[in-house]
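Dear colleague,

Please find below the structure I promised to pass on to you. My notes on its salt bridges follow.

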Amino acid sequence: MKQTILTFTLFLLACVTSVNAQIKYSNGSDEFWYNLLSAKSGVENLAITESADAVFPISMAALEENDESQQWKFVEDASTGNIYIINRKSGNQILSDSRAEGIYNATLIGLDSLNRGFKVALVGDGQYSFSAIESDGIERYLAIQELSAEGVVLDEENIGGSAFAWVALEIIPTGVEEISAEEFVISVTADRRIIVENATDYKVTTLAGIELRKDASLEKGVYIVTVGSVSKKVSIE
């Protein structure tokens, strides 16, 4: 079992104006799975993880390949425009109501017919915020928070790269060398170089956020390709 490093919490904070997100929504026939990584400097390799046997049902843990408890899909409610965030392993949803834990509001997960879902806002280069109006009428945001630390505070002018910013990395099946997307196509050459077609302004980074040369022959591992506001995870065998 992975050791929990940080506690994933919800906080009472001011609203952020929502914009159309680039995340692809699953619709029953087409499913798109994502790892949700913190965009906060220093903890970029930590992923939102369902921890069924832990004190807190959702926490942050080091990203692990093929761990379905770290994989999430987004389903849109056509009537409200809100988004349901659903775990691949359990089918549970991140709920739009939290639990008071001292100065924190701990995020809940489960199968809840009354779940209202989340609003998604694009807050930076490939980064998003997720907020929900809870049953008490207060809008709260998903944020990464150390359990023993003082509560983090939202700076509305600088959400990108903060505890309230998240990177949604689409999961690309291992062994698939060409991946079609709405805007561009990614392929991996025999000498382990990542090629992006239909896009000239893109970057290739490690999971820790270190940018690499576009023409570099890479070691085996997992990398992130970002084109505009869209980020995809690429596995190189």
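K73 is buried in this predicted model, because its relative accessibility of 14% falls under the 20% cut-off. The side chain of K73 forms a salt bridge with that of E31, with an N to O distance of 2.6 Å. This pair joins distant parts of the chain: K73 belongs to strand β5 (residues 71-76), whereas E31 sits in the loop between β1 (6-12) and β2 (34-38), 42 residues apart. Unlike K73, which is buried, E31 is partly exposed, at a relative accessible area of 40%.

A second pair consists of D97 and R116, whose closest N and O atoms are 3.1 Å apart in a salt bridge. D97 is part of strand β7 (residues 93-101) and R116 of the loop between β8 (104-110) and β9 (119-124), so this salt bridge ties together parts that are 19 residues apart in sequence. Both partners are partly exposed: D97 has a relative accessible area of 22%, and R116 has one of 29%.

E134 and R140 also form a salt bridge, with 3.4 Å between the closest N and O atoms. Here E134 counts as buried, at 5% relative accessibility, and R140 is likewise buried, at 7%.

Beyond these pairs, K24, E170 and K232 are linked in a network of salt bridges. A search of the whole structure gives 10 salt bridges. As general background, side chains of opposite charge can pair when their charged atoms come close.

Yours sincerely

Definitions and conventions:
Residues are numbered from 1 along each chain as its sequence is written. This is a predicted model: local features need pLDDT of at least 70, side-chain atom pairs count only at pLDDT 80 or more; totals for chains, interfaces and linings use all residues. Side-chain values use heavy atoms; hydrogens and water are left out. A salt bridge is a side-chain nitrogen of Lys or Arg within 4 Å of a carboxyl oxygen of Asp or Glu. Helices (H or I, at least four residues) and strands (E, at least two) are DSSP runs, numbered from the N terminus. Buried means under 20% relative accessible area, exposed over 50%, partly exposed in between (1.4 Å probe, protein chains only).
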